[in-house]
Amino acid sequence: PIATSEIFKLAFSLQAKMSRPVQAQRLEGIDKNIWVEFVKLAATYSKVNLGQGFPDFPPPDFLKEAFVRALSGENHMLHQYTRAFGHPPLVKILAQFFGKLLGRDLDPMTNVMVTVGAYQALFCCFQAFIEEGDEVIIIEPFFDCYESMTKMAGGTPVFVPLRPKAPKDGKLMSSEDWKLDPAELASKFNEQTKAIVLNSPNNPLGKVFSRRELELIADLCVKHDVLCISDEVYEWLVYDGKEHIRIASLPGMWDRTVIIGSAGKTFSATGWKVGWTMGPNRLLQHLRNVHQNSVYHCATIAQEAVAQGFQREFELYGKADSYFIQLPKELQQKRDWLVQSLDAVGMKPIVPEGTYFLVADISKFKSDIPDVPDSDEPYDSRFAKWMVKNKGLAAIPLSAFYSGPHKSIYNHFIRFCFAKEEATLKAANDILQKWKQEKTSP
Ligand code: PMP
């Protein structure tokens, strides 16, 4: 027989077990994330990882040294909280540096805010500006969190794709060949439109938006009184003499734009997670409110080191020794290597004008990994999984950067990251060459 006390215990434990739904509604539909899956696959199978976007080479010495100085120097207060909205030396040099580029006086205390990477800067923007019923225009392909952050804030993402047009003369396609259709873009703006997200240079294509394209976007923003969330994390990574134009510098745009930057991308130190926002106080005051009530402070020592990195770059601006000149020069070379490797095996690359990503067409490899009709999973996703498991080469399917219905249209491309040591890119080339030989030999 069971003792009465045991029965009570059992009944209580059944009653104590939580049964009510716990997930907040705002998380509905955003629980799947391709990064979780692909980062794990790369960790398990890859010999060469050109998937997730981070360099496998170190940050510049001057930056590492600044970090070590901050860590072990006399000023032990650098181990404590600093100003919540940004360590004073960092916001001051950011205001000075970007004020010069934007041609306006920036107040370090009200026009700049430091965040935990550009990611938190984005989060602050969506939380501060977007509410139930608001529409947010997102240009496809897009950095995937724009969609989930819009939804989490209660907004509705409205997608407008860049339309590719193959060059006629048999040349390789460039990210420049992917363009917005002006009429299509204009048709997305309406009374509900609260913001547009612009990402130039664009991850994943590497497109650097031209002045004309930015003017088109700016005119629509002004006409419809819409905010612009301008993700410029790859601002220094532009090639072939191209220029990164800041949309906030166009007429009528400063007042409605939040600029987002990242020391991770700027100084090849993604693990430091130092980012920032810049814009008019009218907008930034709301970002400060979100920041204050979520993260509040960012790591002091990392901010101190980034401040010193910017100080150095301020003094060397435009000079050959500047990291902002050297890094793109080195990356352009790496881009060209990867372009050649891919082109040689028939995985047609789309030559990027900027960023450290490159998208390649896998159509010619379809016979290796046959399509599964009626599968829910886009072809490029299965291709990328097969490739990492069977060839040891990790990349990211382009469909991950598209909204639901468009995933099945843009399903024959994969994205590679080329911010890698020469040896890594050579190892990728070896894999591709061997693969090609296996394909051609009977
Ligand atoms: N925006 C874009 C377009 C990115 O590619 C990334 C990083 N992959 C981020 C923002 C986030 O940057 P951070 O690492 O500084 O948070």
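This note goes through a predicted model in numbered points, starting with the annotated span and then taking the sheets, helices and single residues in turn.

1. The annotated span. According to the unreviewed UniProt entry, the annotation "domain: Aminotransferase class I/classII large" covers residues 47-428. In the model, the end C-alpha atoms of residues 47-428 lie 9 Å apart, and the span is 37% helix and 16% strand.

2. The seven-stranded sheet. Seven strands form an open sheet with mixed pairing, and reading across it gives the order β2-β10-β9-β8-β7-β3-β4. The edges are taken by β2 (112-116) and β4 (156-161), each of which has a single partner strand, so one side of each is left without a neighbour in the sheet. From one strand to the next, the twist averages 25 degrees.

3. Pairings inside this sheet. Strand β3 is joined to β7 by four bridges, and these two strands run parallel; here Ile-138 stands opposite Val-197 in β7. On the next pairing, five bridges join β7 to β8, again with the strands running parallel, and the bridge partner of Asn-199 is Asp-231 in β8. Strand β8 (residues 227-231) is also joined to strand β9 (residues 257-262) by four bridges, in a parallel arrangement, with Asp-231 standing opposite Ile-260 in β9. A student tracing the sheet can therefore use Asp-231 as a marker, since this residue is opposite Ile-260 in β9 and is also the bridge partner of Asn-199. It is also worth looking at β7 itself: six of the seven residues of β7 are buried, so the strand is largely enclosed by the rest of the structure.

4. Ser-230 in strand β8. Is Ser-230, a residue of strand β8, buried or exposed? Ser-230 is buried, because its relative accessible area is 2%, which falls under the 20% cut-off for that class. The side chain of Ser-230 makes a polar contact with the side chain of Glu-232, at 2.6 Å. When residues up to four places away in sequence are not counted, Ser-230 touches Leu-198, Ile-247, Thr-257, Val-258, Ile-259 and Ile-260.

5. Helix α6 and Glu-147. Helix α6 (residues 145-152) packs on the seven-stranded sheet, where it touches β3 (135-140), β4, β7 (193-199) and β8, and its direction makes about 155 degrees with that of β4. Glu-147 is found in this helix and counts as buried, with a relative accessibility of 17%. Its side chain makes a polar contact with the side chain of Lys-151, at 3.0 Å. In general, residues three or four places apart in an α-helix point the same way, because the helix has 3.6 residues a turn. Not counting residues up to four places away in sequence, Glu-147 touches Ile-138, Phe-142, Pro-157, Phe-159 and Ser-403.

6. The four-stranded sheet. A further open sheet has four strands, in the order β11-β12-β15-β14, with antiparallel pairing. Strands β11 (349-350) and β14 (396-397) stand at the edges with a single partner strand each, so one side of each has no neighbour in the sheet. Two bridges join β14 to strand β15 (residues 413-417), and the two run antiparallel; in this pairing Pro-397 stands opposite Ile-414 in β15. Helix α12 (residues 323-345) lies across β11, β12 (357-361) and β15, and runs at about 10 degrees to β12.

7. Helix α13. The 12 residues of helix α13 (residues 379-390) reach 16 Å from the first C-alpha to the last, which is close to the 16 Å expected at 1.5 Å a residue. How many residues of α13 are buried? Nine of the 12 are, so that the helix is mostly covered; among them are Tyr-379, Arg-382, Phe-383 and Met-387. The elements that cover these buried residues include α2 (34-45), β13 (393-394), β14, β15 and α14 (422-440). After α13 comes Gly-392, whose phi is positive, near 75 degrees.

8. Gly-309 in helix α11. Gly-309 is found in helix α11 (residues 300-315) and counts as buried, at 1% relative accessibility. Leaving aside neighbours within four places in sequence, Gly-309 is in contact with Phe-62, Leu-63 and Phe-267. Gly-309 and Glu-132 are 177 residues apart in sequence, and from C-alpha to C-alpha they are 40 Å apart in space.

Methods
Residues numbered from 1 in each chain as written. Predicted model: local features only at pLDDT ≥ 70, side-chain atom pairs only at ≥ 80, totals over all residues. Heavy atoms only, no water. Pairing = 2+ DSSP bridges. Contact = heavy atoms within 4.5 Å. Axes fitted to C-alpha atoms, helices over the stretch in contact; angles between N-to-C directions. UniProt positions renumbered as here; feature names shortened; annotations may be inferred. Expected span 1.5 Å × (residues − 1). Buried < 20%, exposed > 50% of the residue type's maximum accessible area, 1.4 Å probe, protein only. Polar contact = N/O pair within 3.5 Å; in protein donor to acceptor, adjacent residues only side chain to side chain.
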